[in-house]
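Subject: Model handover and notes

Hi,

Here is the model I promised to pass on. My notes on it follow below, so have a look at the structure first and then read on.

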Amino acid sequence: MSIWFFLWIIFAAIMAFVTGWSTYILVQQKQAWKSFAEKNKIKFRSGKFFAPCEMDGMIDGFMVSFFTGTQQNPEARKNKQLTVLEITDPSAFVDGVALGSEEMKAFIELINTLTWHKIDNKDWKKQNLVASRHKKSVDKFLTEKRIKILDELLNFPSSDVIIILDDDQGVFRFETSNPFTDADKLEEMLKKLFARIEKLRPSDEEVKQFQSLRKSEDAQPVTIEKGNAEKPVDDTEKNEDI
């Protein structure tokens, strides 16, 4: 037996294992998502046998979408398929702010009406990025309690995260390597995320204050300057209890 034939057998065995494992995970994911969708009365689309599934619908007042997407990072050398969870809260927050984990820097830079925003808080992780449109309004919105919650959301386990808030809604997008193959754990995770997002909602009085501060600022759009974000530090800590 030649060395090349032996290496071919090893390669074929590895490929067979990878394909088999990927198919197993996909089947587990479809079963879990279908069970979750039926319980919560949202739409589930299985797709073809080897194609990813997806689901979406309203749960507890939130618009929730699950699907497979490509990593949103123009600087990445290789496209990476990830599970995407997107939660939309149709509540008024503040106009306007984008927050992201460090992998989302290039995406935030594409929003050319924002400028980098510094958060002076000892508990805020320096690798997390913030850009705002109306600084005074956003400063008022970013209380210590909200800063802590946003920091927890941005450090969602094994995920790249971006949060975009304005005076119409809040969008929370998590790109994760977790395929969510357990329906019960998925439901528990969503409840925790919903609870955190609800705590971010401002009162009607706060919304009026944000609007007043916004009117006092120069609202002319400015282009975000690349490279002006604080340099990320090497901090891989994640909130495993989410």
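Which residues have the most contacts inside the largest nonpolar core? They are Ile87 and Leu190, in a core of 44 residues. A nonpolar core here is a set of buried Ala, Val, Leu, Ile, Met, Phe, Trp, Tyr and Cys residues joined through side-chain atoms within 4.5 Å. Helix H5 gives the largest share of this core, eight residues.

Before the details, some ground rules. This is a predicted model, so local features need pLDDT of at least 70 and side-chain atom pairs count only at pLDDT 80 or more, while totals for chains, interfaces and linings use all residues. Residues are numbered from 1 along each chain as its sequence is written, and side-chain values use heavy atoms, with hydrogens and water left out.

**Confidence and overall make-up**

The mean pLDDT (the predictor's confidence in each residue, from 0 to 100) of the protein chain is 81, and 75% of its residues reach 70 or more. The stretch to watch is residues 222-237: pLDDT stays under 50 there, and the model has 35 contacts beyond four places in sequence for it. Contact means heavy atoms within 4.5 Å. Where pLDDT is low, the predicted coordinates should not be read in detail.

The secondary structure comes to six helices and nine strands. These are DSSP runs numbered from the N terminus, with helices (H or I) of at least four residues and strands (E) of at least two. Of the 242 residues in the protein chain, 42% are buried; that label means under 20% relative accessible area, with exposed over 50% and partly exposed in between (1.4 Å probe, protein chains only). Among contacts between residues at least 6 apart in sequence, 67% join residues at least 24 apart.

**Back to the core**

Leaving aside neighbours within four places in sequence, Ile87 is in contact with Phe62, Met63, Gly170, Val171, Phe172, Phe174, Leu190, Leu193, Phe194 and Ile197. There is also a second, separate core of eight residues, including Ala98, Leu114, Trp116 and Ile162. As background, nonpolar side chains tend to be buried together in soluble globular proteins.

Strand E4 (residues 81-89) is mostly covered, with seven of its nine residues buried. E4 and E9 pair in the antiparallel sense over seven bridges, where pairing takes at least two DSSP bridges between the strands. Leu85 stands opposite Phe174 in E9.

Helix H4 (residues 144-154) is mostly covered too: eight of its 11 residues are buried. Among them are the charged-type names you may want to look up, Arg146, Asp151 and Glu152. The buried residues of H4 pack against strand E5 (97-100), H3, strand E8 (159-165), E9, H5 and H6.

**Aromatic pairs**

How many aromatic pairs does a search of the whole structure find? Seven. Rings of Phe, Tyr and Trp (its six-membered ring) pair if their centres lie within 6.5 Å; planes under 30 degrees apart count as stacked, over 60 as edge-to-face and the rest as tilted.

Take Phe66 and Phe180: their ring centres are 5.9 Å apart and the planes sit at 90 degrees, so this pair is edge-to-face. Phe66 lies in strand E3 (residues 62-70) and Phe180 in the loop between strand E9 (170-176) and helix H5 (183-200), so the pair ties together parts that are 114 residues apart in sequence. Phe66 is buried at 1% relative accessible area, and Phe180 is buried as well at 6%.

Phe141 and Phe210 also make an edge-to-face pair, because their planes are at 75 degrees, with centres 6.0 Å apart. This pair links helix H3 (residues 135-141) to helix H6 (residues 204-216), 69 residues apart. Phe141 has a relative accessibility of 0% and Phe210 has 4%, so Phe210 counts as buried.

Ring pairs also link Trp33, Phe36, Phe66 and Phe180 into a cluster.

**Helix H1**

Gln29 lies in helix H1 (residues 3-40) and is buried, with a relative accessible area of 5%. Its side chain reaches the backbone oxygen of Pro179 at 3.1 Å. Beyond four places in sequence, Gln29 is in contact with Cys53, Thr83, Pro179, Phe180 and Thr181.

Ser35 is found in H1 too, and at 38% relative accessibility Ser35 counts as partly exposed. The C-alpha atoms of Ser35 and Asp184 are separated by 9.3 Å, with their places 149 residues apart along the chain.

Cheers

Note on methods
Polar contact = N/O pair within 3.5 Å; in protein donor to acceptor, adjacent residues only side chain to side chain.
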